[in-house]
Amino acid sequence: MEVLPDDVWLMVLEKLEEAADVLACRLVCKRLAALAVHPAVWRHLEVGQSKPYCSCPVLRLAPCLDSISVHLPAKGCTQWAFASTRCAAAKLYIPIKGRSHAGLAAAIICKQEMLGRLTDVEIEMRSVAVTDVPILLGTLASTSRLTRICVYVYLGGNQLPNTPAPILGGTAVTPSLREFECNLSPLTEPFVKSILSQHATTLEDVLLDFPLSSLTCTSTALILAGVTNLRMLVCDCFPGMESLVACKSLKVLALTVNTESHYRPAVAGLAKLLRGAEQLRKVNLTYKPAVRSPTDLGGELVLALASSGRSCVETLHITNRCYPFFSVEYTPLPELVASALPSLPALRHLNLQDNAKRPDALLLAIRPDVSAQPPSYWHITE
């Protein structure tokens, strides 16, 4: 043991996958006790309340970690250990259930920001009070050096989901964010706008879930259009999407299309985007409710994508399922997709999930003049 140099022992310790095993090595001898607190040993490890051992010794002794998972309210001695630790983590995952815990979560985030390694934060708030939301969202908006933020807020009880949540305590930060995910509602819209504006020069992937009606979020699309390096957008169809035509970096677009009649203006804007966004390479359309007749709202989107004749879309994925799940006699999507194929010269991958009783409807609808070079992969699901 004395013959092996320290770097070899460090390589051995780095292979350990549990923090408890590393701590156990500190009991072997003084040499291993010193090596067991080297940053290289800890930077790939994680701690959390799901582990079968107490996190407090790790938070007290470890110099750094890959990730920390904090379920609030915490139990026992871990209640404040996460907020007072000197152990620097790269990632934080904080699920919050119940009220009056947002302040502790904000303290944990601030502590990790001070320690200098934090780049990834994931927050999930369930059954929280409306008054707790601005505290945590303001802290996130003013946290520097983050490359990823994921936030989901689910109110509990009979609280009104349309209550706005102004950004409290948020200050401008240097743009750094590359991936942003959040459920967009009137409650979180100010926070979403703040993040999109502050990090407009660095954001690449944006995922916006709409648990409520997206028709009230009327200015989000204009702010998204100013995200200069936007590469992927995953969201529901919402007003003003035609403004994203100017976003020339957008390559991947995954949309949930609501086919109810009051979404007609939003779907019309999406059609304009699909006609004009020649930079798109991958498009994913999910219809809810399903398109069941040629006159249903949203059925024209595939044709809009092909209308310019200059489409560069290589992958097209369409989901048109009826729920509750059952087969229907007819849906118009196979014929619409087949008629659009001649105007999609770059298409190579086509996936159509449609639960009509005609699994070969797309193949039967393809005419001889469809394309000299058809897609290399078709997947049709009943």
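**Exercise 1. Which residues line the second largest cavity?**

Work on the predicted model shown above. List the lining, then sort it by class.

*Solution.*
- Step 1. Count the cavities. There are two of 30 Å³ or more.
- Step 2. Take the second largest. Its space is about 30 Å³.
- Step 3. Read off the lining of the second largest cavity: Leu274, Arg275, Ala277, Glu278, Leu305, Ser308, Ser311 and Val313.
- Step 4. Sort by class. The lining has four nonpolar, two polar and two charged residues.

**Exercise 2. Place strand E9 in its sheet.**

Find the strands that pair with E9 (residues 252-258), and decide whether E9 is enclosed.

*Solution.*
- Step 1. Look at strand E8 (residues 232-236). Five bridges join E8 to E9, and the two strands run parallel. One pairing to locate is Met232, whose bridge partner in E9 is Val252.
- Step 2. Turn to strand E10 (residues 282-288). Seven bridges link E9 with E10, again in parallel. Here Leu253 stands opposite Val283 of E10.
- Step 3. Trace the connection. E9, helix H11 (residues 264-276) and E10 form a β-α-β unit, and the unit is right-handed.
- Step 4. Check burial. Buried means under 20% relative accessible area. Six of the seven residues of E9 meet this, so the strand is largely enclosed by the rest of the structure.
- Step 5. Keep the side chains in mind. In a regular strand they alternate between the two faces of the sheet.

**Exercise 3. Is Asp132 buried or exposed?**

Locate the residue, classify it and list its contacts.

*Solution.*
- Step 1. Locate Asp132. It sits in the loop between strand E4 (120-128) and helix H8 (133-141).
- Step 2. Classify Asp132. Its relative accessible area is 10%, so it is buried.
- Step 3. List the contacts of Asp132. Leaving out residues up to four places away in sequence, it touches Arg99, Ser100, His101 and Ala102.

**Exercise 4. Which elements do the buried residues of H8 pack against?**

Start with the burial of the helix, then name its neighbours.

*Solution.*
- Step 1. Assess the helix. Eight of the nine residues of H8 are buried, so H8 is largely enclosed by the rest of the structure.
- Step 2. Name the buried residues of H8. They are Val133, Pro134, Leu136, Leu137, Gly138, Thr139, Leu140 and Ala141.
- Step 3. Name the packing partners. The buried residues of H8 pack against three strands and two helices by name: strand E3 (88-97), E4 and strand E5 (148-155), plus helix H7 (102-115) and helix H9 (189-198).

Note on methods:
Residues are numbered from 1 along each chain as its sequence is written. This is a predicted model: local features need pLDDT of at least 70, side-chain atom pairs count only at pLDDT 80 or more; totals for chains, interfaces and linings use all residues. Side-chain values use heavy atoms; hydrogens and water are left out. Buried means under 20% relative accessible area, exposed over 50%, partly exposed in between (1.4 Å probe, protein chains only). Helices (H or I, at least four residues) and strands (E, at least two) are DSSP runs, numbered from the N terminus. Two strands pair if DSSP finds at least two bridges between them. A crossover is right-handed if, with the strands pointing away from the viewer, the path from the first strand over the helix to the second runs clockwise. Contact means heavy atoms within 4.5 Å. On a 1 Å grid over the protein atoms alone, a cavity is a set of points where a 1.4 Å probe fits but cannot get out, and a pocket is an open set with protein on both sides within 12 Å along at least five of seven lines; lining residues have an atom within 4 Å of a point. Grid points are joined across faces, edges and corners, and a volume is the space filled by probe spheres set on the points. Ala, Val, Leu, Ile, Met, Phe, Trp, Tyr, Cys and Pro count as nonpolar, Asp, Glu, Lys and Arg as charged, and the others, Gly among them, as polar.
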